[in-house]
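User: Hey, I'm new to this one. Can you walk me through it?
Analyst: Sure, let's pull it up and start with a strand pair.

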Amino acid sequence: MKISVLGTGYVGLVTGASFASLGHDVICVDIDQNKINKINDGKSPFFEPKLDDLLLTVVKNKKLKATNNLNDALEHSELTFIAVGTPSTPAGIDLAQIKSAAKMVGTYLKTSNRYHVVVVKSTVVPGTTESIIKEELETSSGKKIGAFGLCMNPEFLREGCAVDDFLNPDRIVIGSLDEKSKSIMNQLYSGFSCPVVNTNPTNAEFIKYSTNTLLATLISFSNEIATLCENIPGADADTVMKGLYLDQRLTTIDSNKIRKNPSIVSYLYPGPGYGGSCFPKDLFALRLHAKNLNINTPLLDSVHEVNETRPKKAVQLLEKKLGNLTGKTIAVLGLAFKQDTDDVRMSPSIAIIKLLLDRGANVKAYDPLVHSLSPETFAKNIQYTNEISECLKGANAACIITPWKEFKDADWNFLISNMSQPILFDMRNILIQNNLSKNIDLIRIGKI
Ligand code: UGA
């Protein structure tokens, strides 16, 4: 099929590159010329594992190109994904970009005689496609749905493994308003063997929100268990959770393989709280949407509250061991909100660093991919380092905040000698305790 994709963020570009790798002809549209040049050189403008390889192949094979010429892209495609940003504002999600994209596509549709399918990929609260986006398209095109198609097709891509998630989906959700666009979308995804949920756009939007808010709920649940364990002598969240994972209603796989075989259990790992551009934003948007409908969401409100307190609880655990943090040097390991990405949006590391600086600690930081945070994020300086050992030099404690493999595999028995005090805080419980020397004073999540 001939596909255009508006927006080359991680959702748009992964979608475009993956469809191109499956043999479709894809044109990606963006307003940023630097991004366009990079993509046309076969390089991703941001870090996402496997995306560079995929792009290089599809650009070379002329299956994908990038342009800033929207009309040309629409003219040479039969189906357009809108994958622009829907950033969070205190008033809810900002629909300016998606409205503007719908208006431009509608203006093109006015003069076109062909049937064209418009697909919303961006995450929008339930009801948005059938109201705001449909209206924008119908007004600017002067046509009604039926003369063109409108679908909502949410994405379930995790940063850091977005290409694999796209090519091996667990389900495809297609919310359509007319039979013709439904049939075209089903044809587009016909090569995938997973279940396809055909529904209306509002349910499709809701499936996305209910998935992300459930996953956030699981994380906050496990963090609440960890908080309790941190206050009950003899309790250890790691053991408690491992026992929980084995319930076959949650998973049918061996607990030792859990991290390799994602299941619902892979969201039941306590830590410093969830971050990223999706869970915090989607939870906030759905709660606000409910509030506007005069509906209370006590469960989702608590999920948010538990998450907000996590960084503070982590710093308190550190204080319990170190005492007053003023003048102490803390090595922060990991700035990205999770492993395998350079994304720091809503990263728990940022919240923790802020708390450490507020308490007068000196902060050194190391992340395999993120080499600094924007100066606006912090009034005071952080000392950025290029490797773990440099970060640990002279530190009173080291905190693993992002579960990078490099931190899990590091030779801690050797590295710890760089520190002033051998205190290691594993905020993701990724280290294998038995492999650590007795000299290491280990703090774990969910244990006194
Ligand atoms: C999430 C969803 O998993 C994707 O399905 C969805 O498409 C995406 O949001 C989106 O809406 O675009 P992502 O934010 O990339 O993906 O990251 P996740 O791997 O889901 O992790 C989110 C956060 O939860 C991270 O901070 C992670 O460290 C944390 N987490 C995860 C925990 O603290 N504990 C866990 O057990 C699991």
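User: Okay, which residue of β10 does Ile-174 stand opposite?
Analyst: Ile-174 faces Asn-198 there. Keep in mind that this is a predicted model.

User: How many bridges join β9 to β10?
Analyst: Four, and the two strands run parallel. β9 covers residues 172-176.

User: What's the strand order in the sheet?
Analyst: The order is β3-β2-β1-β4-β7-β8-β9-β10, in an open sheet of eight strands with mixed pairing.

User: And which strands stand at the edges?
Analyst: β3 (64-67) and β10 (196-199). Each has a single partner strand, so one side of each is left without a neighbour in the sheet. From one strand to the next, the twist averages 20°.

User: Switching to the ligand: which residues come nearest?
Analyst: Glu-155, Glu-159, Lys-208, Asn-212 and Tyr-267, out of 21 residues around the ligand.

User: What does Tyr-267 have close to the ligand's oxygen?
Analyst: A polar side-chain atom, 2.7 Å from an oxygen atom of the ligand. For Arg-428, an N or O atom in the side chain is 2.8 Å from a ligand oxygen. With Gly-275 it's a polar backbone atom, 3.0 Å from an oxygen atom of the ligand.

User: How much of the ligand's accessible area does the protein cover?
Analyst: 93% of the 720 Å² that the ligand has on its own.

User: Which elements give two or more residues to that shell?
Analyst: α9 (201-229) and α11 (279-292). The largest share, three residues, comes from α9.

User: And how do the shell residues divide?
Analyst: Into 11 nonpolar, three polar and seven charged.

How values were computed:
Residues numbered from 1 in each chain as written. Predicted model: local features only at pLDDT ≥ 70, side-chain atom pairs only at ≥ 80, totals over all residues. Heavy atoms only, no water. Near = heavy atom within 4 Å. Polar contact = N/O pair within 3.5 Å; in protein donor to acceptor, adjacent residues only side chain to side chain. Areas by Shrake-Rupley, 256 points an atom, 1.4 Å probe, with all protein chains shown as cover. Nonpolar A, V, L, I, M, F, W, Y, C, P; charged D, E, K, R; others polar. Pairing = 2+ DSSP bridges. Axes fitted to C-alpha atoms, helices over the stretch in contact; angles between N-to-C directions.
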